[in-house]
Amino acid sequence: MAARLDGKVALITGGASGIGRGCALRFAEEGATIMVADLNGERAEKVVAELIAMGAKADSVQVDTASEESCEAMAAAAVAAFGRIDTCVAAAGISHAGYVSREIDEQRGRDRMDRTDMLLLDKSLDSWHKLIDVNLTGVMLTNRAVARRMAAAGSGGTIVNIASVAAVTALMGSADYCVSKAGVWMLTKCFALELARHKIRVNAVGPGYIRTPMSGAAITHQPWVDSQIRHTPLRRLGEAVDIANACLYLACEESSFVTGEIIFPDGGYGAAVRS
Ligand SMILES: NC(=O)c1ccc[n+]([C@@H]2O[C@H](COP(=O)([O-])OP(=O)(O)OC[C@H]3O[C@@H](n4cnc5c(N)ncnc54)[C@H](O)[C@@H]3O)[C@@H](O)[C@H]2O)c1
């Protein structure tokens, strides 16, 4: 059987770590050439080295997805390196655990709800803007920079945006994150409508709790892990490859009649908490 992304060029934001890196490795196994795009250029180069060691073609570009100029330069770099972009995974993102991780690390074990600065009544506007800029505006800027190249090339394409179960489940102390991910889900549907005429399909994946560096301190705090597992019918946390496999389906021809949709690889978490 032919590899599912044979001859395709994939641009993956957030490709230096966690879910983005998982997609880069999985897509390369299926024959794709990979452009790893990340704020952390050094870690992106390490992923490129892993991909080349697997026998894949790959390169990296440093990007700040919150910047329009940077996203346009990223898409232009992918086209310059590999001639076109066939598929994109927008996985770059931050969370409280990412950008205030030191504080959280220092108070491991302490309930997040003790931190009133994470609740809406006291959350700083700066931290709100920072998260929305990367997680929502960054996905919009990534999608359109990529879609502009795909539309100009005229051969269609696929885009997969990484949302979260938080797109449809409110989490105390994470309002900015939840709102950003609900926005990504709606943005995905809007792009799907507008880009269908260019044969560009746009879908989203909403992971449950996944073992990645973003999960940071929480993942090493056993009571937190136990509680997540208790709420997950399949009784485990997810791994990056669980998300990469869902992205792969949406990126390749097997999903050719699917656009404007979201898949939640969450071990049944959503079915349990929302039913
Ligand atoms: N880990 C989880 O449990 C989980 C659950 C649901 C959704 N998600 C989402 O999955 C995506 C990937 O998360 P992860 O768990 O792999 O996290 P991660 O921290 O391991 O990886 C995120 C990557 O994004 C990059 N990044 C951050 N800001 C950026 C910017 N402005 N421009 C370019 N790159 C930037 C980081 O450098 C990092 O390499 C995120 O959108 C996250 O919200 C994660």
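## Two exposed loop residues

Lys-199 is an exposed residue, because its relative accessible area of 63% is over the 50% that the word exposed requires. In this predicted model, Lys-199 sits in the loop that runs between helix 7 and strand 6, the latter covering residues 200-205. Its backbone also deserves a careful look, since the phi angle of Lys-199 is near 60 degrees, which is a positive value in a residue other than glycine.

Arg-235 can be read in a similar way, beginning with its place in the loop between helix 9 (222-230) and helix 10 (240-251). The phi angle of Arg-235 is near 55 degrees, again a positive value in a residue other than glycine, and with a relative accessibility of 52% Arg-235 counts as exposed.

## The sheet and its edges

In what order do the seven strands of the open sheet lie? The order is 3-2-1-4-5-6-7, and the pairing is parallel. Strand 3 and strand 7, the latter made of residues 262-263, stand at the edges with a single partner strand each, so one side of each is left without a neighbour in the sheet.

## Strand 1 and its two partners

Strand 1 spans residues 9-13, and because five of its five residues are buried, this strand is largely enclosed by the rest of the structure. The side chains can be followed in two groups, for Val-9, Leu-11 and Thr-13 point one way from strand 1, while Ala-10 and Ile-12 point the other way, and all of them are buried.

Strand 1 pairs in the parallel sense with strand 2 over five bridges, and one place to find this pairing is at Ala-10, whose bridge partner in strand 2 is Ile-34. Strand 1 also pairs in the parallel sense with strand 4 (residues 87-90), here over four bridges, and in this pairing Ile-12 stands opposite Val-89 of strand 4. Together with helix 1, strands 1 and 2 make a β-α-β unit that is right-handed.

## From strand 2 to strand 3

Strand 2 (residues 33-38) is joined to strand 3 (residues 58-62) by parallel pairing over five bridges. Between these two strands the chain passes through helix 2, which covers residues 41-53, and the resulting β-α-β crossover is right-handed. Two positions help to trace the pairing by eye, as Met-35 stands opposite Asp-59 in strand 3, and Ala-37 stands opposite Val-61 in strand 3.

## The ligand and its surroundings

Which residues come nearest to the ligand? Of the 29 residues around it, the nearest are Ser-17, Ile-19, Asp-38, Tyr-177 and Thr-212. Several polar atoms can also be located beside the ligand: one of its nitrogen atoms is 3.4 Å from a polar backbone atom of Val-63, and a nitrogen atom of the ligand is 3.0 Å from an N or O atom in the side chain of Asp-64. On the side of the ligand's oxygen atoms, one oxygen lies 2.9 Å from a polar side-chain atom of Lys-181.

Taken alone, the ligand exposes 820 Å², and the protein buries 92% of that area. The elements that give two or more residues to the shell around the ligand are helix 1 (18-29) and helix 7.

## Ser-164, a buried loop residue

Is Ser-164 buried or exposed? Ser-164 is buried, because its relative accessible area of 6% is under the 20% that serves as the limit for that word. Ser-164 is found in the loop between strand 5 (157-162) and helix 7 (175-195), and a polar atom of its side chain lies 2.8 Å from the backbone nitrogen of Ala-166.

When the neighbours within four places in sequence are left aside, Ser-164 is in contact with Tyr-177, Lys-181, Val-205, Gly-206, Pro-207 and Phe-264. Two of these names have appeared above, since Tyr-177 is one of the residues that come nearest to the ligand, and Lys-181 has a polar side-chain atom 2.9 Å from an oxygen atom of the ligand.

## Glu-69 on helix 3

Glu-69 lies in helix 3, which is formed by residues 68-82, and at 69% relative accessibility this residue counts as exposed. How many residues apart in sequence are Glu-69 and Leu-141? They are 72 residues apart in sequence, and in space the distance from C-alpha to C-alpha is 9.1 Å.

Definitions and conventions:
Residues are numbered from 1 along each chain as its sequence is written. This is a predicted model: local features need pLDDT of at least 70, side-chain atom pairs count only at pLDDT 80 or more; totals for chains, interfaces and linings use all residues. Side-chain values use heavy atoms; hydrogens and water are left out. Two strands pair if DSSP finds at least two bridges between them. A crossover is right-handed if, with the strands pointing away from the viewer, the path from the first strand over the helix to the second runs clockwise. Buried means under 20% relative accessible area, exposed over 50%, partly exposed in between (1.4 Å probe, protein chains only). A polar contact is a pair of N or O atoms within 3.5 Å; within protein, one must be able to donate a hydrogen and the other to accept it, and residues adjacent in sequence count only if both atoms are side-chain atoms. Contact means heavy atoms within 4.5 Å. A residue is near a molecule or strand if one of its heavy atoms lies within 4 Å of it. Accessible areas come from the Shrake-Rupley method with a 1.4 Å probe; for residues, only the protein chains shown count as cover.
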